[in-house]
Amino acid sequence: MYYVVHRLRRLPDPPHRIARGIAAGVFVCFTPFFGFHFFLATLLAVIMQGNIFAALMATFVGNPLTFPFIAAISLELGEFLMGRHAIPIHRVFGAFTQASQELWHNLVSIFTHDPTHWDRLARFWQEAFLPYMVGGILPGIVASVIAYMLALTAVKAYQARRVKKLRDRFEKRRAALSQAKPGKSDGAPAE
């Protein structure tokens, strides 16, 4: 994690572009498009004119430790906004697994004689995906705005400190070089 933070701070972009990229990556973590977060973060960073690498790295905010919380918040809020009762979180994860299995089955059935089943996907859409999507927008916006503000402040401070260090190092070298050069009396080269 330290390396990721270090790389983000040293990106050669203005702080506002890096912060926009981070905001894009954090927002995408609140969407139910698992497996497409890199693609969506890249797309959103391009639209927002943010740093793409920062957006990709920020998608790691959504990880196995944080996804249960993100999913629970998004689903609860989505169900509330849609006026429905929330389904237990363990059923949601099962629904995502079943939906991916059904998609795979329907893809394979194109090449075989097996019938396709779209009814379970429709139920998945209504019970899990749509509430997750609706409920993830508001917390995603809040988290991305907070991430933007924190990143902008941190990257500005880091880049200013880095420029000051480089300037100080340059001044030291210039002073050392000016003291090391002997003065020439007539300006003509010696033979």
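Between which two helices does the loop that holds F111 lie? In this predicted model, F111 sits in the loop between helix 6, which covers residues 89-109, and helix 7.

## Overall fold

The secondary structure of the protein chain consists of seven helices and zero strands, so that reading along the sequence gives the pattern α-α-α-α-α-α-α. The chain has 191 residues, and 30% of them count as buried. Its accessible surface comes to about 12900 Å², with 68% of that area belonging to carbon and sulfur atoms.

Contacts between distant parts of the sequence can also be described for this chain. Among the contacts between residues at least 6 apart in sequence, 68% join residues at least 24 apart. One pair of residues that are far apart along the chain is L150 and I22, which are 128 residues apart and whose C-alpha atoms are separated by 9.9 Å. L150 has its place in helix 7, and with 59% relative accessibility this residue counts as exposed.

## The end of helix 6 and the loop after it

A nonpolar patch on the surface is formed by W104, L107, V108, I110 and F111, which together have about 590 Å² of accessible area. F111, the member of this patch placed above in the loop between helix 6 and helix 7, has a relative accessibility of 72% and counts as exposed.

S109, by contrast, counts as buried, with a relative accessibility of 6%. This serine belongs to helix 6, and, when residues up to four places away in sequence are not counted, S109 touches D114, P115 and T116.

## The loop between helix 3 and helix 4

Q49 is found in the loop between helix 3, residues 37-48, and helix 4, residues 52-58. The phi angle of Q49 is near 55°, which is a positive value in a residue other than glycine. At 52% relative accessibility, Q49 counts as exposed, because the cut-off for that class is over 50%.

## Charged residues in helix 7

Helix 7 covers residues 119-180, and R169 is found in it. R169 is one of the residues of a positive surface patch, which is formed by R161, R162, K165, R169, K172 and R173. With a relative accessible area of 44%, R169 is partly exposed, and this value lies over the 30% that a residue needs in order to be part of a patch.

Helix 7 also holds paired charges. D168 forms a salt bridge with K164, and the closest N and O atoms of the two are 3.0 Å apart; both residues lie in helix 7, four residues apart, which is about one turn of the helix. D168 is partly exposed, with a relative accessible area of 38%, and K164 likewise counts as partly exposed, at 48% relative accessibility. The side chains of E171 and R174 meet in another salt bridge, with an N to O distance of 3.8 Å. Because E171 and R174 are three residues apart in helix 7, about one helical turn separates them. E171 counts as partly exposed, at 36% relative accessibility.

## Salt bridges in the whole structure

How many salt bridges does a search of the whole structure find? The search finds four, and the two pairs described for helix 7 are among them. Another one joins R17 and D13, with the closest N and O atoms 3.2 Å apart. R17 is partly exposed, with a relative accessible area of 29%.

Conventions: Residues numbered from 1 in each chain as written. Predicted model: local features only at pLDDT ≥ 70, side-chain atom pairs only at ≥ 80, totals over all residues. Heavy atoms only, no water. Buried < 20%, exposed > 50% of the residue type's maximum accessible area, 1.4 Å probe, protein only. Contact = heavy atoms within 4.5 Å. Areas by Shrake-Rupley, 256 points an atom, 1.4 Å probe, with all protein chains shown as cover. Patch = residues over 30% accessible without salt bridge, like charges linked within 9 Å, V, L, I, M, F, W, Y side chains within 5 Å. Lys, Arg positive; Asp, Glu negative; His and termini not counted. Charge placed at Lys NZ, Arg CZ, Asp CG, Glu CD.
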